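Here are my notes on the model you sent over. Have the structure open while you read, and take the points in order.

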Amino acid sequence: MRRDTVMVNPHGNVVLRFKADNPGIWLFHCHIEWHVASGLIATIIERPLDLQNILSLAGSPYASPNSSALAIPTSHIEACTKQDISIAGNAAGNQEDLFDLKGQNVPPAPLPKGFMPKGIVAMTFSVVAALLGMGVIGWYGNLDRKE
C-alpha cells in the first residue's frame, strides 16, 4: 500500500479508492490523539460477507455455520457484553432492518467557532510567560562576566 499525505481544506473532502482484497475491520486515522477523541476517525469494514465466513464468535449463538478456525476471543465478547455493546447486526446493533441506524453511536458536537474565554486566558498567560522568559534571557545575556 502506498501512503501519501493529502491536504484537506476546511469543509472539503477527499475520495479514497483502494483495492478491497483484504477482508477485515480497519481503522482509518492519523496519530494525533485529540483527533480520535473529536471523532475524526473512520472504521472501514472490508468485504463483510467474506469476513463473516472467516470469523466465528467462539461459542456465541451468532457463530457462522461455515466458519474456519479463526475465532473472536471470548474476552472480547465479554468486554462488549459488559458495556452493552451489540456484537451482531449493523452499527446500531439492529438485526432486523440493517438500514435502521437508530441508536447508533454519534460523534461529539462540533467545536465552537472562535476563541472561548478559557482559551483567551490561556493564550494571554502563555504570551506573558514567553515575554518574561525572553526578557530574562536578554537580561542574563547582557550581564558582565567577571573572570
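1. Confidence first, since this is a predicted model. The mean pLDDT of the protein chain is 81, with 85% of its residues reaching 70 or more. Helix α4 has the highest confidence, at a mean of 95, while helix α2 (residues 48-54) has the lowest, at 75. As a general caution, predicted coordinates should not be read in detail where pLDDT is low.

2. On the overall layout, the protein chain has four helices and two strands. Starting at the N terminus, the order of elements is β-α-β-α-α-α.

3. Next, burial and surface. Of the 147 residues in the protein chain, 10% are buried. The chain exposes about 13,400 Å², and carbon and sulfur atoms supply 62% of that area. Among contacts with a separation of 6 or more, 26% are between residues 24 or more positions apart.

4. Have a look at the nonpolar surface patch of about 530 Å². Val6, Val8, Val14, Leu16, Phe18 and Phe28 make it up. One of these, Phe18, sits in the segment before β1 (24-28). Its relative accessible area is 42%, so Phe18 is partly exposed, falling between the 20% and 50% cut-offs.

5. Asn90 deserves a closer look. You'll find Asn90 in the loop between α3 (74-82) and α4 (117-141). Is Asn90 buried or exposed? Asn90 counts as buried, because its relative accessibility of 17% is under the 20% cut-off.

6. What does the side chain of Asn90 reach? One partner is the backbone nitrogen of Asn94, at 2.9 Å. The backbone nitrogen of Ala92 also lies 3.0 Å from a polar atom of the Asn90 side chain. Setting aside neighbours within four places in sequence, Asn90 contacts Asp97, Leu98, Phe99, Asp100 and Leu101.

7. Two backbone angles to check. Most residues other than glycine have a negative phi. His11, however, has a positive phi near 60 degrees. This residue is in the segment before β1, and His11 counts as exposed because its relative accessibility of 83% is over 50%.

8. Arg47 is the other one, with a positive phi near 55 degrees. Arg47 lies in the loop between β2 (42-46) and α2. With a relative accessibility of 35%, Arg47 counts as partly exposed. While you're there, remember that α2 is the helix where confidence is lowest, at a mean of 75.

Conventions:
Residues numbered from 1 in each chain as written. Predicted model: local features only at pLDDT ≥ 70, side-chain atom pairs only at ≥ 80, totals over all residues. Heavy atoms only, no water. Buried < 20%, exposed > 50% of the residue type's maximum accessible area, 1.4 Å probe, protein only. Polar contact = N/O pair within 3.5 Å; in protein donor to acceptor, adjacent residues only side chain to side chain. Contact = heavy atoms within 4.5 Å. Patch = residues over 30% accessible without salt bridge, like charges linked within 9 Å, V, L, I, M, F, W, Y side chains within 5 Å. Areas by Shrake-Rupley, 256 points an atom, 1.4 Å probe, with all protein chains shown as cover. Salt bridge = Lys/Arg side-chain N within 4 Å of Asp/Glu carboxyl O. pLDDT = per-residue confidence, 0-100.
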